[in-house]
Amino acid sequence: MSIWRVPNYDVLEKCTEDILSLIKPVEGDRNKRIYAIQELADTIYSAGALRGASVKPFGSFVSQLYAKSGDLDVSVELFNALNLPISKRKKQDTLREVRRALQKRGIARHMEFIPNARVPVLQYVSNQYGISCDISISNYPGRIKSKIFYWINTLDDRFGDMVLLTCEPAILPPLKEIYEGNIMEDISGRAYYNEKHLDEVCSINIERFRRQNMGQRNQSSLSHLLASFFHKFFRIDALSDKVISTYTGRLERIQDNPRWMDKSYSLFVEDPFEKPDNAARAVGSFEFQDIVNAFSNASNKFVSDAHALTDRNGLLSLLCTPDVGSKLGGRASASRYTNTLAYNTQRQKTVHHQNQNNQQVYAAGRQTGGQYQNTQRSKENTSYRHSNWRAATTWHEPVCGRFYNGEWQ
């Protein structure tokens, strides 16, 4: 049955709205992150070995795609007047200095240092603000990616909830229409010049896309976009010889590009910023089968099972974690597909973050049930964050810093 013939998405629409009302951030959540950034900045400034460094947030916070439970990505920018490449060893040593500074001030817990990841990272939870922070060093590529996602986010108000790259009419263009080229290669070594050039190119192309689509804007509801997403990929197991190219906005054949044939993957989603890297390379055969089952189950419910679309408890079980579902009146029990949608996606995100600095998959879109849930920390951490947040009474205003045009200034 075509998704266009499904008679009623009212219950699904209400479920997604209710879920988003719980997990989307409010001003207080934004302020906590700003305070956590300032807390880290104060720590950096107090450490003699780190003087001259600055603190720059990036990731979902900067692109304004974060959730209440989301991590905060921060880059400690080393003074580098000549703009020379910084070695991995230097980044590892600097993170050790940051760790010592945090330990000395006693403001962090659950610290975990991952020095051998593709991008070395230090993870911790702020004692006062309950924010999970991921610290990397001079992560200019991560900052640029975040800025581009911020620009994309300005194209459509629904982007933060759900993205479907190839629906008709299109909500968003493929990345090549925003920036034609390999962004990471183009910005390498000439940061200031290329960032300014990137601003100009992306702004012009985004405005052109708006003009071209004026009068034919996609009017689909969020629930219909969600159902369309699962229906589009319900046979994802048949894509073993395909690449989901977020750059071109199409499924491409692996054999058509020699660079894609170097390794064998269970799932290949081309990184839109660093072609031909696979943003889904952390997905193994076991995890891939979970993803296949989840898409098949969700598609069947949304497309051909009219009763499922009126079963609020079943939809909550499918789309969100038991904790969120229970707050919305759902039963505490969860099916295996709840775990697949709400947990497995984030498990892969965590592994991928450690290897590739939390890259976001542009084509797959934002799965309402799973993408917002942060399972990187344990339940103990979650309980701690909640109790610690209630206990925190000392606040201070950031001494400097604001967001403008996707950039922390």
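Which backbone nitrogen does a side-chain oxygen of Asn-139 reach at the start of α5? In this predicted model, the answer is the backbone nitrogen of Gly-142, which the oxygen approaches to within 2.9 Å. Let us keep that spot in mind and walk outward from it, beginning with the helix itself.

Helix α5 covers residues 140–153. At 1.5 Å a residue, its 14 residues should span 20 Å, and because the end C-alpha atoms are indeed 20 Å apart, expectation and model agree. As for its surroundings, 13 of the 14 residues of α5 are buried, so the helix is largely enclosed by the rest of the structure.

Asn-139 also leads us to another residue, Glu-77. The backbone nitrogen of Asn-139 lies 3.4 Å from a polar atom of the Glu-77 side chain. Glu-77 itself belongs to strand β2, residues 72–77. Is this glutamate buried or exposed? With a relative accessibility of 13%, Glu-77 falls under the 20% cut-off and therefore counts as buried. Within its own strand, the Glu-77 side chain makes a polar contact of 2.4 Å with the side chain of Ser-75. Looking beyond neighbours within four places in sequence, Glu-77 touches Gly-52, Ala-53, Ser-54 and Lys-56, as well as Ser-138, Asn-139, Tyr-140 and Arg-143.

From β2 we can step out to the sheet. Five strands form an open sheet in the order β1-β2-β5-β4-β3, with mixed pairing. At its edges are β1 (54–58) and β3 (108–114), each of which pairs on one side only. From one strand to the next, the twist averages 25°.

Now follow β3 to its partner. Strand β4, residues 121–126, runs antiparallel to β3, and 5 bridges join the two. One residue pair to look for here is Ile-114 with its bridge partner in β4, Val-121. Helix α4 (residues 88–105) packs on the sheet, where it touches β3, β4 and β5 (132–137). The direction of α4 makes about 165° with that of β3.

One last stop takes us to helix α7, residues 191–212, which holds Phe-209. At 10% relative accessibility, Phe-209 counts as buried. Its C-alpha atom is separated by 8.2 Å from that of Glu-177, although Phe-209 and Glu-177 are 32 residues apart along the chain.

Notes: Residues numbered from 1 in each chain as written. Predicted model: local features only at pLDDT ≥ 70, side-chain atom pairs only at ≥ 80, totals over all residues. Heavy atoms only, no water. Pairing = 2+ DSSP bridges. Helix = DSSP H or I, 4+ residues; strand = E, 2+ residues; numbered from the N terminus. Axes fitted to C-alpha atoms, helices over the stretch in contact; angles between N-to-C directions. Contact = heavy atoms within 4.5 Å. Expected span 1.5 Å × (residues − 1). Buried < 20%, exposed > 50% of the residue type's maximum accessible area, 1.4 Å probe, protein only. Polar contact = N/O pair within 3.5 Å; in protein donor to acceptor, adjacent residues only side chain to side chain.
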